[in-house]
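Got your viewer open? Let's take a walk through this model, one selection at a time.

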Amino acid sequence: NKQKVESLGVVLDGTEQLDNALKQIVDNLVLDLEGRTLNENTQVILAGMKELANEGKYSEALELYLTNQ
């Protein structure tokens, strides 16, 4: 996950920074999806992402988004 985030131009020094970067990415994706008209499948993905994010599982939320694109 660290390599994926760093490939986006974000340099990370530790786990806390990785979590913060993933949280920001997931939050932005959720906001973007909430502003769109979604089909039923994408609504389920959004709900899953929100649930995972609320549990602090940002890498899993990002993986859910990416594997369903």
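At what angle do the axes of helix H3 and helix H4 cross? Select residues 40-54 for H3 and residues 58-67 for H4, and colour them differently. Keep in mind that you are looking at a predicted model. The two axes cross at roughly 170° and come within 8 Å. An angle over 145° counts as roughly antiparallel, so H3 is roughly antiparallel to H4.

**Stop 1: where H3 meets H4**

Now show side chains on both helices. From H3, pick Ile 45, Gly 48, Met 49, Leu 52 and Ala 53; from H4, pick Tyr 58, Glu 60, Ala 61, Leu 64 and Tyr 65. These are the residues that meet between the two helices. Sorted by class, this contact has 8 nonpolar, 1 polar and 1 charged residues.

**Stop 2: step back**

Zoom out and switch to the cartoon view. You'll find 4 helices and 0 strands, so to speak a run of α-α-α-α as you read along the sequence. The protein has 69 residues, and buried ones make up 30% of them. Take the contacts between residues at least 6 apart in sequence: 29% of those join residues at least 24 apart.

**Stop 3: the nonpolar core**

Which residues touch the most other members of the largest nonpolar core? Select Val 26, Leu 33 and Met 49: out of the 16 residues in that core, these are the ones. H2, H3 and H4 each supply at least two residues, and H2 gives the most, with 6 residues. As background, nonpolar side chains tend to be buried together in soluble globular proteins.

Stay on Met 49 for a moment and show what is around it. Leaving out residues up to four places away in sequence, Met 49 touches Val 26, Leu 29, Val 30, Leu 33, Ala 61, Leu 64 and Tyr 65.

**Stop 4: Ala 53**

Next, select Ala 53, which lies in helix H3. Is Ala 53 buried or exposed? Its relative accessible area is 14%, and the cut-off for buried is under 20%, so Ala 53 counts as buried. Setting aside residues up to four places away in sequence, Ala 53 touches Val 26, Tyr 58 and Ala 61. Try your distance tool here too: from C-alpha to C-alpha, Ala 53 and Val 30 are 9.6 Å apart, with their positions 23 residues apart in sequence.

**Stop 5: salt bridges**

Time to look at charges. Side chains of opposite charge can pair when their charged atoms come close. How many salt bridges does the count come to? The count is 4, and we'll visit some of them.

Start with Lys 23 and Asp 27. The closest N and O atoms of this salt bridge are 2.7 Å apart. Why about one helical turn between Lys 23 and Asp 27? The two are 4 residues apart in helix H2 (residues 15-34), so that is the separation you see. Turn on the surface and check both ends: Lys 23 is partly exposed at 34% relative accessible area, and Asp 27 is partly exposed at 29%.

Move along to Asp 32 and Arg 36. Their side chains meet in a salt bridge, 2.9 Å from N to O. Asp 32 is partly exposed, at 33% relative accessibility, whereas Arg 36 counts as exposed, at 51%.

Then select Glu 34 and Lys 50. This salt bridge has its closest N and O atoms 2.7 Å apart. Here the pair links distant parts of the chain, with Glu 34 in helix H2 and Lys 50 in helix H3, 16 residues apart. Lys 50 is partly exposed at 34% relative accessibility.

**Last stop: around Glu 34**

Keep Glu 34 selected and hide Lys 50 if the view gets busy. Glu 34 is partly exposed, with a relative accessible area of 40%. What does Glu 34 touch, not counting residues up to four places away in sequence? The answer is Leu 46 and Lys 50. For a final distance, pick the C-alpha atoms of Glu 34 and Leu 46: these residues are 12 apart along the chain, and the atoms are separated by 8.0 Å.

Conventions
Residues numbered from 1 in each chain as written. Predicted model: local features only at pLDDT ≥ 70, side-chain atom pairs only at ≥ 80, totals over all residues. Heavy atoms only, no water. Axes fitted to C-alpha atoms, helices over the stretch in contact; angles between N-to-C directions. Parallel < 35°, antiparallel > 145°, perpendicular 65-115°, else oblique. Contact = heavy atoms within 4.5 Å. Nonpolar A, V, L, I, M, F, W, Y, C, P; charged D, E, K, R; others polar. Buried < 20%, exposed > 50% of the residue type's maximum accessible area, 1.4 Å probe, protein only. Core = buried A, V, L, I, M, F, W, Y, C linked by side-chain atoms within 4.5 Å.
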